[in-house]
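Subject: Structure for you to look at

Hello,

Here is the structure I promised to hand over. Please open it alongside this message; my notes follow below.

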Amino acid sequence: MAFRASFRLNRGESAARAGDGAQEWSFVLADTTLNTIYDVAVIGSGPAGYTAAIRGGQLGLKVALIEKDSVLGGTCLHVGCIPTKTLLFNAEIWDHLKHATEYGIDNVDAPQLNWENVLKRKTAIVDKHTKGLGFLMKKNKVTVVAGFGRLTGPAKDGVHTVELTAGDGTKSQLKTKNVIVATGSDAKMLFGMKPDDRILTNIEILSIPAVPKSLIVIGAGAVGVEFASIFRSYGSEVTIVEFLPRIMPPEDEEISKELTRLFKKRGIDVNTSCKVEKIEKTAAGVKVTWTGANGKTVEKEAEKVLVAVGRGPRTEAVGLEKTKVEIDRGFVKVHEAQETAEPGVYAIGDIVAGLPQLAHVGAMSGIVAVTKIAGRKYRPVQRERIPACTYSEPQIGSAGLTEAQAKEKGYTVKVGKFPFAGNSKATIVNSHDGFVKIVADAKYGEILGVHILGPSATELIAEAVAVMELEGTVDELMFTIHAHPTLSESMLDAYAAVEGMAINA
Ligand SMILES: Cc1cc2nc3c(=O)[nH]c(=O)nc-3n(C[C@H](O)[C@H](O)[C@H](O)COP(=O)(O)OP(=O)(O)OC[C@H]3O[C@@H](n4cnc5c(N)ncnc54)[C@H](O)[C@@H]3O)c2cc1C
């Protein structure tokens, strides 16, 4: 017997996820209490969970995908990667329009932003891909189960029991040989505050009714930098306040430095080494008080504040404490195939200790876990070859070691740097700020790290990852033909720059 459960979203995260056109979704709450024993139950349908579920189906496993919200796709699809990149694309078009006359297009000198349509397009894209996920689940024979999943303890006779709580509080159970926990992460807040219409996280900011006149962004990691870039393009006065000495702290120092210069050139007020002391509501908006690098107190008011100070793992309330799963500051410790210390329990995505919180990392960790469960040959996540992309204007794409990390690891390092100013395609697309920086091992010429700031950096970095996977060396890459005129030629020039022989600079 199977019964259908359909429930509406609670206001809050789920509602924001589904956008204003929130449709009622229904999942089959399958014969969970009856005889089925799944090969694997995945808790959470973000990019980590849904990828694991699809690959599990492809490998012939009987898979259940458990989701507490009424839509599949998690943070990435609803309030992360996809909506933000949609807004960034719109902002890019808007920025190009500012130069319309230069491109030979007249009469667009007074364009007007239709924010409602910007949001509509974002929602339409999210909806399209949400439906696509539903299709992929059917195609791969994955049973989608509505409800909040919780482990009940270790397996008995090799079978785990996952407790399910449906939207209306109804409880049921699901039996499975393996469990993959993919519950994702939530935005951290400061001072125990709750987000609202003025103090925003990535969720609220994605559906604000109008472009704010002014915005303070607390935190200059990828999320903060991308929103700063979007709203600056749309004309907001943007202030960044970052605790660490530089913006985009995990990136190579030269990237942070040049991005800071370019952001300042765009009119963004960038403040680093600043400790936020207070966020208060005012009559007109919000006031943020921070202690600056010089120890002085600074107060600034804005219409909205975005808190983008990192994301905490959702590992509470999922029953991990009833198992041997080891936790490190909320993150789950795993072995090379994503196995936890509890037999038959795996962890993937944003909750994993030591993995960057990125959708593609989550997806690959899901593939590794489920391949191992299927008893097939797998390759662990290659932690040192993960592309990190920030889709701001200008973009950042990086992989491998920064120059400082390579030196710390004891390499004698050779660096090649090529500015986009010397690349003809960059001039054609009217985007010639930034550079490609190659960090190579001086002894064998192996490429250790690639750091790109500039046009299509988030696409160009794919070549670098492939090169590093294949342990490519400078002398091989200097003779690798790149098409002309392309932005990718700047990679060729940067490899050659390691030997001081870039052609175009
Ligand atoms: C603004 C923003 C922009 C981003 N942009 C990018 C980007 O461009 N590229 C990139 O790679 N990464 C980006 N990220 C990060 C990316 O979104 C995350 O790394 C990714 O979503 C993590 O995937 P996940 O599957 O681990 O978790 P999530 O996507 O968070 O999904 C977890 C799912 O589990 C469900 N769940 C939780 N607990 C339970 C439970 N007990 N029972 C049932 N279901 C449960 C949740 O409802 C959710 O659907 C961005 C993040 C943000 C916030």
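In helix α14, the buried residues are E489, S490, M491, D493, A494, Y495, A496, A497 and V498. Keep in mind that this is a predicted model. The helix runs over residues 489–498, and nine of its ten residues are buried, so α14 is largely enclosed by the rest of the structure. What covers them? The cover over the buried residues of α14 includes two helices, α12 (457–469) and α13 (474–477). It also includes the strands β24 (413–419), β25 and β26. After α14 comes G500, with a positive phi near 70°.

Next, helix α8.

This helix spans residues 253–265, 13 in number. From first C-alpha to last, α8 reaches 18 Å, close to the 18 Å expected at 1.5 Å a residue. D252 caps its N-terminal end. There, a side-chain oxygen of D252 sits 3.1 Å from the backbone nitrogen of E254. Just after the helix, G267 has a positive phi of about 95°.

The buried residues of α8 are I255, S256, E258, L259, T260, L262 and F263. An α-helix has 3.6 residues a turn, so residues three or four places apart point the same way. Look at that list of buried positions with this in mind. The buried residues of α8 pack against one helix, α7 (222–233), and against the strands β12 (237–241), β13 (269–271), β23 (395–400), β25 (435–441) and β26 (447–454). Note that β25 and β26 also help to cover the buried residues of α14.

Now the ligand.

Which residues are closest to the ligand? Of the 40 that surround it, the closest are E67, T75, K85, D350 and A359. By class, the shell has 15 nonpolar, 17 polar and eight charged residues.

Three contacts involve oxygen atoms of the ligand. The side chain of D69 places an N or O atom 3.4 Å from a ligand oxygen. A backbone N or O atom of C76 is 3.2 Å from a ligand oxygen. For L358, a backbone N or O atom is 3.3 Å from a ligand oxygen. On its own the ligand has 1,000 Å² of accessible area, and the protein covers 97% of this.

Several elements give two or more residues to the shell: α2 (47–58), β4 (63–67), α3 (74–79), α4 (81–97), β6 (148–151), α7 and α9 (359–373). Of these, α3 gives the most, with four residues. Helix α7 thus appears twice in these notes: α7 contributes to the shell, and the buried residues of α8 pack against α7.

Best wishes

Note on methods: Residues numbered from 1 in each chain as written. Predicted model: local features only at pLDDT ≥ 70, side-chain atom pairs only at ≥ 80, totals over all residues. Heavy atoms only, no water. Expected span 1.5 Å × (residues − 1). Buried < 20%, exposed > 50% of the residue type's maximum accessible area, 1.4 Å probe, protein only. Contact = heavy atoms within 4.5 Å. Polar contact = N/O pair within 3.5 Å; in protein donor to acceptor, adjacent residues only side chain to side chain. Near = heavy atom within 4 Å. Areas by Shrake-Rupley, 256 points an atom, 1.4 Å probe, with all protein chains shown as cover. Nonpolar A, V, L, I, M, F, W, Y, C, P; charged D, E, K, R; others polar.
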